[in-house]
Amino acid sequence: MKITSHLGLLLSLFLLFPLLTHAQLAEVRGFVYDTETGDPVPLASVYIKGTQKGTNSSFNGYYIINQLAPGSYFLKVSSVGYDTVSVRVKLEADMVITQNFYLEPSDFQLNEVEINEQLTARKTEAKVSVVKITPEKIKRIPTVGGSADFAQYIQIIPGVVFSGDQGGQLYVRGGSPIQNRVILDGMTIYNPFHSIGLFSVFDVDIIRSIDVYTGGYPSEYGGRISAVMDIQTREGNKQKLAGHAETGPFASKLLVEGPLKKFSPDEASSSFIFSGRSSYLNKTAPVLYSYADSNGLPYRFNDFYGKYSVQTPQGSKFDVFGFSFNDNVDFDVTNYQWNALGAGTKFLFLPEQTSTIMSGNFAWSDYEMIQTETDASPRSSRISGFDGGLDFSFYLGDVQFRYGADFIGFSTDFQFVNSAGRTVSQTAYTTELAGYAHLKIKRKRFILEPGLRLHYFASLSELSPEPRLMGKVFITENSRFKFATGTYAQNLLSARSDRDVVNLFYGFLSGPENIPKTFRGSDVNTRLQKATHLIGGIEVDLGDNTFLNFEGYYKWFTQMTNINRNKIFDDSPEYVDEEEYFKSDYVIEQGDAYGGDVTFEYDKDRLYIWAVYTLGWVKRTDEKIEYSPHWDRRHNANLLVSYIAGKE
């Protein structure tokens, strides 16, 4: 129990940090909202008139200005598309006041002096190897089936290889799909793509934003060794009942949203949003694709998502959400289906008279897949459990200290028969606990963000210390050098071999204990899968609307566990003399993924241009051979040009 005691001590120190650093100065904080919609206004400029004190609101509209001497100040807020607002605030020693702002949309638009939100974010955040995706960007891409979808946009992100013929599997800068963590409002999603590979489970109309970390992600994320996709959904309309319906050759969908209590600056408000989508491609394919074989396109799926949100006048928020996703493929020789259910809560809270903002989440989910073949035993996999966390952010001038805890628990139930007729099965229960800390230091010439994650895998009795570091150095006013590095660990693995080219069945296994004890003559001293990332690059602003980014990356997968597709003997006394490589359920592997990419983005008025080129290598080594997996694509190039015609 020493490990859990150490984690408890670490979290206690995190909680005490704001009290230990509290100074005899005042601060003002709050949220910036759109008066008409009640939505937060991100990256608004909030500053003290006549001083150098100021900041930008965060993605959820939050701002804080501290270390202010007692006195009377004019606080001003401005944002593109809104009228400027100012208010007088009077501060006393040790005072923490909450001052929210409600901005009215402006009757006119600024032209050449427009402040680009992405440009502001690049100059104030040290995010490296991250692409922020918005619904507006997703809708810019040509659609399949008449409906914009995240699955179609993700394919043009640098370093991404997307295999639509395998159920939409996603390979990010050399990592396999099981090494990517997909998060929806704090909840882990185990399969974000439908079998046909053209659609994700996320309706674009419920998305607020998506951050795709292709490597080097900060300490708040853990449990995966390659990439993270953090998806945030929006609240429902806070002023009026609204909705729309769409239909196309592949699917139809319906969205309904509205207030249960209308938004008001002086009272708590609440709203709801519901989205449903159902496909019928298996019915329309015989007509639309009469040249297809006898199977046609036997895909069908349904996606449902609902969310209830409450917001207080002080800015605190509380959400309850739930989803049901399912998928079915029915070929002549096999039937494959999966079902996902989940529900959770999410909150944001501003305690009185402290410099801390607190947020948290708790969710439960269940994911089950079954594959039945005419000439083999059924394959099944189920993963069910909960994940949650608490996060605290404390601000002291240009320094932000973020810390928190994650707790994860899940069970896996897996049954599989390989091509040699050997059965692989597992039933396991897993608990993971983690504490993390992240420090952001912003100065005129640089931004530095060190972090540390302590991730304890209880089922394996292993603690993984994971240091992280990222930063930016301002070369000129319009160019910056950036870097990120970190170590990562996970115990979840896929029930399919990474050497398989086509395999719809994608089960989940908890980190097994019966892995080989040696790898190429060396002792294996951990049962965790581990990786180290190293990323560097230069970003250049070619004006307010044009962006150029160069990045190089190296991912060293120091240990991975893979299903042994070469198993031909049972691990039993009668085969005691056979080589372990041919009777073990699992194999140990190592790997390298390295390369670089160039990204060009232009976004102004009606014209949008996105151009990406990636050069990359992926290598894997197991006990006997070195091989290049099927997602080792040397060159990848994508070009998107979009123009909005007609009247706005």
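Let me begin with strand β11, residues 169-172, in this predicted model. Both of its faces are covered. On one side sit Gln169 and Tyr171, on the other Leu170 and Val172, and all of these are buried. The partner of β11 is strand β10, residues 160-163; the two run antiparallel and are joined by 4 bridges. To find the register on the screen, please look at serine 163, which stands opposite glutamine 169 in β11.

I turn now to a sheet. It is an open sheet of 5 strands, and their order is β9-β14-β15-β12-β13, with mixed pairing. Which strands lie at its edges? They are β9, at 130-133, and β13, at 187-189, each of which pairs on one side only. From one strand to the next, the twist averages 20°. Within this order β14 is followed by β15, and that pair can be described in more detail. Strand β14 covers residues 207-213 and strand β15 residues 227-233; they run antiparallel, with 6 bridges between them. Here tyrosine 213 of the model stands opposite valine 228 in β15.

Next, the nonpolar cores. The largest of them has 73 residues. Which members touch the most other members? They are Ile133, Phe150, Ile154, Phe202, Tyr367 and Phe508. Let us take tyrosine 367 as an example. Leaving aside residues up to four places away in sequence, tyrosine 367 touches Tyr190, Asn191, Tyr336, Trp338, Asn339, Ala340, Ser381, Arg382, Ile383 and Phe508. There is also a second, separate core, of 18 residues, and Val46, Tyr63, Ile97 and Leu103 are among them.

A charged-type side chain deserves a moment as well: aspartate 303. Its place is in strand β19, residues 299-311. Is aspartate 303 buried or exposed? It is buried, because its relative accessible area is 4%, and the cut-off for buried is under 20%. Its side chain makes a polar contact, at 2.9 Å, with the side chain of histidine 194. Histidine 194 is also one of the residues that aspartate 303 touches, again not counting residues up to four places away in sequence. The others listed are Ser200, Val201, Ser275, Gly276, Arg277, Ser324, Phe325 and Asn326.

Two loop residues call for comment on their backbone. As background, most residues other than glycine have a negative phi. Leucine 43, however, has a phi near 60°, a positive value. Leucine 43 lies in the loop between β1, at 26-34, and β2, at 45-48. With a relative accessible area of 22%, leucine 43 is partly exposed. The second residue is aspartate 605, which is not a glycine and yet has a positive phi of about 55°. Where is aspartate 605 placed? It is in the loop between β35, at 586-604, and β36, at 607-621. Aspartate 605 is exposed, with a relative accessible area of 64%.

I close with the chain as a whole. There are 5 helices and 38 strands. Of the 648 residues, 53% count as buried. Among contacts between residues at least 6 apart in sequence, 64% join residues at least 24 apart. The accessible surface comes to about 27,600 Å², and 56% of it belongs to carbon and sulfur atoms.

Methods: Residues are numbered from 1 along each chain as its sequence is written. This is a predicted model: local features need pLDDT of at least 70, side-chain atom pairs count only at pLDDT 80 or more; totals for chains, interfaces and linings use all residues. Side-chain values use heavy atoms; hydrogens and water are left out. Buried means under 20% relative accessible area, exposed over 50%, partly exposed in between (1.4 Å probe, protein chains only). Two strands pair if DSSP finds at least two bridges between them. Axes are lines fitted to C-alpha atoms, for helices over the stretch in contact, and angles run from 0 to 180 degrees between N-to-C directions. A nonpolar core is a set of buried Ala, Val, Leu, Ile, Met, Phe, Trp, Tyr and Cys residues joined through side-chain atoms within 4.5 Å. Contact means heavy atoms within 4.5 Å. A polar contact is a pair of N or O atoms within 3.5 Å; within protein, one must be able to donate a hydrogen and the other to accept it, and residues adjacent in sequence count only if both atoms are side-chain atoms. Accessible areas come from the Shrake-Rupley method with a 1.4 Å probe; for residues, only the protein chains shown count as cover.
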